[in-house]
Amino acid sequence: MGKNKLSRFQENETFALLHQPAFADLFRGDFSLKGRWREDFFGNENPITLELGCGRGEYTVELARMCPDKNFIGIDIKGARLWRGAKTATEENMRNVAFVRSKVEVVTSLFAPGEVGEIWITFPDPQPSRARKRLCSPMFLNRYAQILAPQGIVHLKTDSQMLHEYAKATLAANGIAPLQSANNLYATAAAAELAIKTAYENIFISEGYPITYLKFSLPQSKVLVEPEGFAYSGDVPKAKTRQSRAGGRRNFEF
Ligand SMILES: C[S@@+](CC[C@H](N)C(=O)[O-])C[C@H]1O[C@@H](n2cnc3c(N)ncnc32)[C@H](O)[C@@H]1O
C-alpha cells in the first residue's frame, strides 16, 4: 500500500464524522445509528440526504454548504477517497455532514425505513457487463425504496448514456414516470444543486462527454424488476478514465 494511502487511512481514524463499521457487522445486523442519525449524530430534526458512491464527497460537502438546514451523508467503500471529503468537512467544522465507509449493498442496515429524504447517485461505474452491480439496478432501487420517505427523491447524474438509458428503461419497465430527465444537462442552464461538479464529472466534461441527469421517486409497495431485453445500441465509449479503471494506462486513484 502507498504511503499516501496509509497516512489517509490513519487520519481517517481521527475524523469524528467518518464512520467505518465492519462489513461483517452490517451484513449480519444493523449499524448503531440506524433510525437514530438525527437524534444521536446530527442533534437535529432535519431531513437526511445520501450521496451513494460519493468518492471524494464533493456533492455531499457542497450540498451541505448550500443547505445548512439539511443533513448529508456520503457513502463509499474507498477510504482514501472518503478522506478528502471527511477532511474538508472536519476542517470547516460542518455539523450537517457525515461519511460512511461501506458497501452500498448494506444500505438497509445503515438506515431505517423512511429515514432518508433524498438520494444522489453521482457518476456510478456503468458496469457494462454486470447490470446487477449498477447502483441504479432494480436490486439497489428496491433497497433505496425501503429507506426513503414517501415521495423521497433519487437523483442520478452520469456521463454514461448507456447507464442513463438503462435507468430510464428500468423506470419504464416498472411504470415509473421520471420527474426530470436530460441527456445533456448543461445544454440549458442547470439549477445550482445540479451544477455541482465531482472529480469524475470534471474529467468527463474535459473529455467531451455530455452529462445526463434523471430524477425520480420510487413506489414503496412494489418490487422493481430488470427491464426485459434491455439493449443499448449507441457507443459505450472507452474514455481514458474508463480504460484506467479497467486496469489501463492512466492512474485515476485519488
Ligand atoms: C466512478 S467513481 C465516482 C465517484 C464520485 N461520485 C465522483 O463523481 O467523483 C464511483 C465510486 O463508487 C464507489 N462504489 C462503486 N460501487 C460501490 C458499492 N457497491 N458500494 C460502495 N461504493 C461503491 C467507488 O468506490 C467509487 O468511489
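Ala, Val, Leu, Ile, Met, Phe, Trp, Tyr, Cys and Pro count as nonpolar, Asp, Glu, Lys and Arg as charged, and the others, Gly among them, as polar. By these classes, the shell around the ligand in this predicted model holds seven nonpolar, four polar and seven charged residues. The shell has 18 residues. Gly 53, Gly 55, Phe 123, Thr 198 and Tyr 200 come nearest to the ligand. Helix H9, residues 199–206, supplies the largest share of the shell. That share is three residues.

Helix H4 spans residues 58–66. Its buried residues are Glu 58, Tyr 59, Thr 60, Val 61, Leu 63 and Ala 64. Both strands and helices take part in covering them. The strands include S2 (48–52), S3 (71–76), S4 (97–101) and S5 (116–122). The helices include H5 and H9. H9 thus appears in two settings: in the cover of the buried residues of H4, and in the shell around the ligand.

H5 also packs with another helix. The axes of H1 (residues 3–12) and H5 (residues 79–91) come within 9 Å. They cross at roughly 55 degrees. That angle makes H1 oblique to H5, because it falls outside the ranges for roughly parallel (under 35 degrees), roughly perpendicular (65 to 115) and roughly antiparallel (over 145). The crossing of H1 and H5 is left-handed. On the H1 side, the contact is made by Lys 5, Arg 8, Phe 9, Glu 11 and Asn 12. On the H5 side, Gly 79, Ala 80, Leu 82, Trp 83 and Ala 86 take part. The residues of this contact divide into five nonpolar, two polar and three charged.

Gln 10 also belongs to helix H1. Gln 10 counts as exposed, because 10 C-beta neighbours lie inside 10 Å and the limit for exposed is 12 or fewer. Gln 10 and Tyr 200 are 190 residues apart in sequence. Their C-alpha atoms are 25 Å apart in space. Tyr 200 is one of the residues that come nearest to the ligand.

Several loop residues were also examined. Lys 70 lies in the loop between H4 and S3. Lys 70 counts as partly exposed, because it has 17 C-beta neighbours inside 10 Å. Leaving aside residues up to four places away in sequence, Lys 70 touches Asn 46, Pro 47, Thr 49 and Asn 96. The C-alpha atoms of Lys 70 and Gln 151 are separated by 17 Å. Along the chain, Lys 70 and Gln 151 are 81 residues apart.

Gln 151 itself sits in strand S6, residues 148–158. Gln 151 has 9 C-beta neighbours inside 10 Å and so counts as exposed. Its phi is positive, at about 65 degrees, although Gln 151 is not a glycine. A positive phi is also found at Gln 127, another residue other than glycine, with a value near 45 degrees. Gln 127 lies in the loop between S5 and helix H7 (138–147). With 16 C-beta neighbours inside 10 Å, Gln 127 counts as partly exposed.

Two further loop residues lie on either side of H9 in the chain: Ala 190 in the loop between strand S7 (180–182) and H9, and Glu 207 in the loop between H9 and strand S8 (212–217). Ala 190 has 14 other C-beta atoms within 10 Å and is therefore partly exposed. Ala 190 touches Leu 185 and Ala 195, not counting residues up to four places away in sequence. Glu 207 has 13 other C-beta atoms within 10 Å and is likewise partly exposed. The C-alpha atoms of Glu 207 and Leu 52 are separated by 24 Å. Glu 207 and Leu 52 are 155 residues apart along the chain.

Note on methods:
Residues numbered from 1 in each chain as written. Predicted model: local features only at pLDDT ≥ 70, side-chain atom pairs only at ≥ 80, totals over all residues. Axes fitted to C-alpha atoms, helices over the stretch in contact; angles between N-to-C directions. Helix = DSSP H or I, 4+ residues; strand = E, 2+ residues; numbered from the N terminus. Left-handed = near helix turned anticlockwise from the far one by under 90°. Contact = placed C-beta atoms within 7 Å. Near = placed C-beta within 6 Å. Buried ≥ 20, exposed ≤ 12 C-beta atoms within 10 Å, placed from the backbone.
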